[in-house]
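Reader: Hi! I have this structure open and would love a quick tour. Could you walk me through it?

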Amino acid sequence: MTSNAELLEIAATIARRAAAFALQRRRDGVEIAASKSSLSDIVTRADRETEQLIRDALAASRPRDGFLGEESGGGSSDSGLTWVVDPIDGTVNYFYDIPAWAVSIAVVEGDPDPATWRTLAGAVVNPVLGEVFTAYAGGGARLNGEPIHVNEGVLLPLALVGTGFGYDAGVRRRQAALVGELIGEVRDIRRIGAASLDLCGVAAGRLDAYFERGLNPWDHAAGALIAQEAGARVSGLGGGPADNRLIVAAAPDLSDQLHPRVEPYFAAWE
Ligand code: IPD
């Protein structure tokens, strides 16, 4: 059986290679291949090519494992393990050459459903900044090999809180309404534009907390493990697993303050 540390090595090696490829594609010039759910929800040729590179590399080294990717969907698993991949998280930043996008690769055990899966290892690579965030279950979280930890003992009024917006215009307006209330109750709010980096930001103490509604599994699989291994509580509605209805990530003492503040807003939103 492959250990979690060995799975992480595979994830990080492929994520680094994919990140170098996507960065080169960025330098060559970006091309929008399609708009998905709305005009803000774009996919570039590089998203598709990078996902194909990752998919091919995993098929070669882990042929029995499943695959769940943002651009090419799923493939079944004979081993009980599935690789959950966002080839370019933060595609709009990528398009505008804002250096906050990342390749995100996680490997999960069980059904590829965030409500039940167990994430074994995850790597998030920001190629522009040369940053590699990694974690495996039980092994702690690292940035470029150095241990990282969440900020603890932060009161909500002093918290720097990250969030994000979905692509549907109606959803965005509702999310902005909550931000409009919260902005007067916290130190400040950041919309970085890549959920995986928001979660790694919490892990590294660059954000005190992060919340969002509407994430897909590939947006948060690797980052959520990295945040957890750095000491964050990552939770969803009712304190259960994070899913597309809600994710909140922060040290437990800050999560105790933020979660009850945002949860009723999202719980009522069905
Ligand atoms: C998006 C980013 C963004 C978040 C959106 C995601 P994509 O992923 O992570 O920060 O707010 O909810 O869909 O489309 O750039 O891979």
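**A tour of the strands, domains and ligand shell**

Author: Happy to! This is a predicted model. Let's begin with strand β11 (residues 160-163), which pairs in the parallel sense with strand β12 (residues 188-190) over 3 bridges.

Reader: Nice. Which residue stands opposite arginine 190 in β12?

Author: That is glycine 162.

Reader: And what do β11, helix α4 and β12 make together?

Author: With helix α4 (residues 169-182), β11 and β12 make a β-α-β unit, and the unit is right-handed. β11 also pairs with strand β13 (residues 209-212), in the parallel sense and over 3 bridges. In that pairing, threonine 163 stands opposite phenylalanine 211 of β13.

Reader: Okay, changing topic. What domains does the assignment give?

Author: The domain assignment gives domain 1 (4-147) and domain 2 (156-267). Their C-alpha centres lie 20 Å apart.

Reader: How many residues does each one put into the contact?

Author: Domain 1 gives 37 residues and domain 2 gives 27 residues. On the domain 1 side, the elements giving two or more residues include β5 (81-89), α3 (91-96), β6 (102-109) and β7 (118-126).

Reader: What's that side like by class?

Author: The side of domain 1 that touches domain 2 has 21 nonpolar residues, 12 polar and 4 charged.

Reader: Got it. In what order do the strands of the open sheet run?

Author: The order is β4-β3-β5-β6-β7-β8-β9-β10, so to speak a row of 8 strands with mixed pairing. β4 (73-75) and β10 (146-147) are the edge strands, each pairing on one side only. Further in, β3 and β5 pair in the parallel sense over 4 bridges, and glycine 66 stands opposite threonine 82 in β5.

Reader: Which strands does helix α2 touch?

Author: Helix α2 (residues 45-61) packs on the sheet and touches β3, β5 and β6. Its direction makes about 155° with that of β5.

Reader: And where does helix α6 lie?

Author: Helix α6 (residues 217-229) lies across β3, β5, β6, β7, β8 and β9. Relative to β7, helix α6 runs at about 100°.

Reader: Last one, the ligand! Which residues are closest?

Author: The closest are Asp89, Thr91, Gly164, Gly193 and Ala195, out of 15 residues that surround the ligand. By class, that shell has 4 nonpolar, 6 polar and 5 charged residues.

Reader: Which domains does the shell draw on?

Author: The shell takes at least three residues from each of domain 1 (4-147) and domain 2 (156-267).

Reader: Great, thanks!

Definitions and conventions
Residues numbered from 1 in each chain as written. Predicted model: local features only at pLDDT ≥ 70, side-chain atom pairs only at ≥ 80, totals over all residues. Near = placed C-beta within 6 Å. Nonpolar A, V, L, I, M, F, W, Y, C, P; charged D, E, K, R; others polar. Domains from an automatic or database assignment. Pairing = 2+ DSSP bridges. Right-handed = clockwise from strand over helix to strand, strands pointing away. Contact = placed C-beta atoms within 7 Å. Axes fitted to C-alpha atoms, helices over the stretch in contact; angles between N-to-C directions.
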